[in-house]
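Colleague: I should be grateful for a close look at the charged side chains and how they pair. Please take the account on from there into the surroundings, wherever that helps to place them.

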Amino acid sequence: MFNKFRLGKKQEHSSTLRDKIEELKKQPIPEHVAIIMDGNGRWAKKRALPRVAGHHEGMKVVRKTTMLANKLGIKALTLYAFSTENWKRPKNEVEYIMRLPEEFLGTFLPELVENNVQVKMIGYKNQLPVHTLHAIEKAIEETKDNNGLVLNFALNYGSRAEIIDAVKQVLNDSKNGILNETELNEDVFSSYLMTSEFKDPDLLIRTSGEIRLSNFMLWQLAYSEFWFTDVLWPDFSENHLLEAIEVFQKRQRRFGGIL
């Protein structure tokens, strides 16, 4: 009897979720959603668990969020997985986080392939452990022909460093006659950033109640809509993503102009 009850509740949830998805798809869906996945450590602490337990639980949420984003027709989902500043964390925590891409992709890569998801990464690869980089590059290679949702991991990424590196490249190209300084505008500068192949995010989501960007996509988020929630990342549900998109659809995006 209890199994039947649980099955009934699961089917009811699936039906309600499908209905919500179809309703939202009647309005414009953000093409590029970026998420600062915050609160894993606090989630674990509240349960008297080691911080790494929160990161492991958060990995499961990445899967659910990716699958839902794909169903919604979102074109790109950028997840802030590890910043250039996160190396300051305890060594055992950093080592665990660097194992997560290997575990996540080792488990879910077939599902990503099956669902036409393409894996990409922005960030500084040269500092990553070999096993982490291998897992990411394997996923990128095996999904390169997919043309559905782009799951873009921001791993060892820092926006200030990215901008400085872009400026250096601009100066170098100008010095070598590749770029005339009169040609430099926002679009040209954007082409020097790690996100050059992506549209700027339409929507930024940050979990855990923090209201800051934490050195994430400072250039690209200039006109993005922001949605902040107190929910810790391991507790971030499909309904929270739907709520964020519903709020996005009610906003008026003026890009500095008036309607």
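Modeller: Asp202 counts as buried, because its relative accessibility is 4%, below the 20% limit for that class. Please note that this is a predicted model. The partner of Asp202 in a salt bridge is Lys199, with 2.4 Å between the closest N and O atoms. Lys199 is partly exposed, since its relative accessible area is 40%. Salt bridges with shared partners also tie Asp38, Arg42, Arg206, Glu210 and Arg212 into one network.

One pair in that network deserves attention. Asp38 and Arg206 form a salt bridge whose closest N and O atoms are 2.9 Å apart. This pair connects distant parts of the chain: Asp38 belongs to the loop between strand S1 (32-36) and H2, Arg206 belongs to strand S5 (residues 203-206), and 168 residues separate them. Both ends are shielded from solvent by the criterion used: Asp38 is buried at a relative accessible area of 15%, and Arg206 is buried at 4%.

A pair with another setting is that of Glu23 and Lys26, whose side chains meet in a salt bridge of 3.2 Å from N to O. Glu23 is partly exposed, because its relative accessibility is 48%. Lys26, at 60%, is classed as exposed, since the limit for that class is over 50%. In total, the structure contains 18 salt bridges.

The nonpolar interior comes next. The largest nonpolar core has 49 residues, and Leu72, Phe104, Leu112 and Ile205 make the most contacts inside it. Helix H4 contributes the most to this core, namely nine residues. Setting aside residues up to four places away in sequence, Phe104 touches Met59, Val62, Arg63, Leu109, Leu112, Leu151 and Phe153. A separate core of 13 residues lies apart from it and includes Ala76, Val150, Ala154 and Tyr157.

Leu149 is placed in the loop between helix H5 (130-142) and S4. It is a buried loop residue, because its relative accessible area is 1%. Beyond its neighbours within four places in sequence, Leu149 is in contact with Thr66, Ala69, Asn70, Ile74, Lys75, Ala76, Leu77, Asn116, Val117 and Gln118. For Leu149 and Asn116, the C-alpha atoms are 7.1 Å apart, although the two residues are 33 places apart along the chain.

Asn116 also has a backbone feature to check. Most residues other than glycine have a negative phi. Asn116 has a positive phi of about 65° without being a glycine. The residue lies in the loop between H4 and strand S3 (118-122), and its relative accessibility of 27% makes it partly exposed. Asn156 likewise is not a glycine and has a positive phi, of about 55°. Asn156, however, is in strand S4, and at 0% relative accessibility it is buried.

Finally, the open spaces. The largest pocket has a volume of about 700 Å³. It is lined by 29 residues, and those closest to its centre are Met37, Asn40, Tyr80, Ala81 and Phe82. At least two lining residues each come from helix H2 (40-46), helix H3 (51-72), strand S2 (76-83), helix H4 (91-114) and strand S4 (150-157). H3 provides the largest share, with five residues. Sorted by class, this lining holds 15 nonpolar, eight polar and six charged residues.

The second largest pocket has a volume of about 290 Å³. Its lining consists of 14 residues, with Glu186, Asp200, Gln220, Ala222 and Tyr223 nearest the centre. By class, the lining of the second largest pocket comprises five nonpolar, three polar and six charged residues.

To return to your request, the pairs described above have distinct settings. Asp38 and Arg206 are both buried, while Glu23 is partly exposed and Lys26 is exposed. The remaining pair joins partly exposed Lys199 to buried Asp202.

Methods:
Residues numbered from 1 in each chain as written. Predicted model: local features only at pLDDT ≥ 70, side-chain atom pairs only at ≥ 80, totals over all residues. Heavy atoms only, no water. 1 Å grid on protein atoms, 1.4 Å probe; cavity = no way out; pocket = protein on both sides within 12 Å on 5 of 7 lines; lining within 4 Å. Points joined across faces, edges and corners; volume = space filled by probe spheres on them. Helix = DSSP H or I, 4+ residues; strand = E, 2+ residues; numbered from the N terminus. Nonpolar A, V, L, I, M, F, W, Y, C, P; charged D, E, K, R; others polar. Buried < 20%, exposed > 50% of the residue type's maximum accessible area, 1.4 Å probe, protein only. Core = buried A, V, L, I, M, F, W, Y, C linked by side-chain atoms within 4.5 Å. Contact = heavy atoms within 4.5 Å. Salt bridge = Lys/Arg side-chain N within 4 Å of Asp/Glu carboxyl O.
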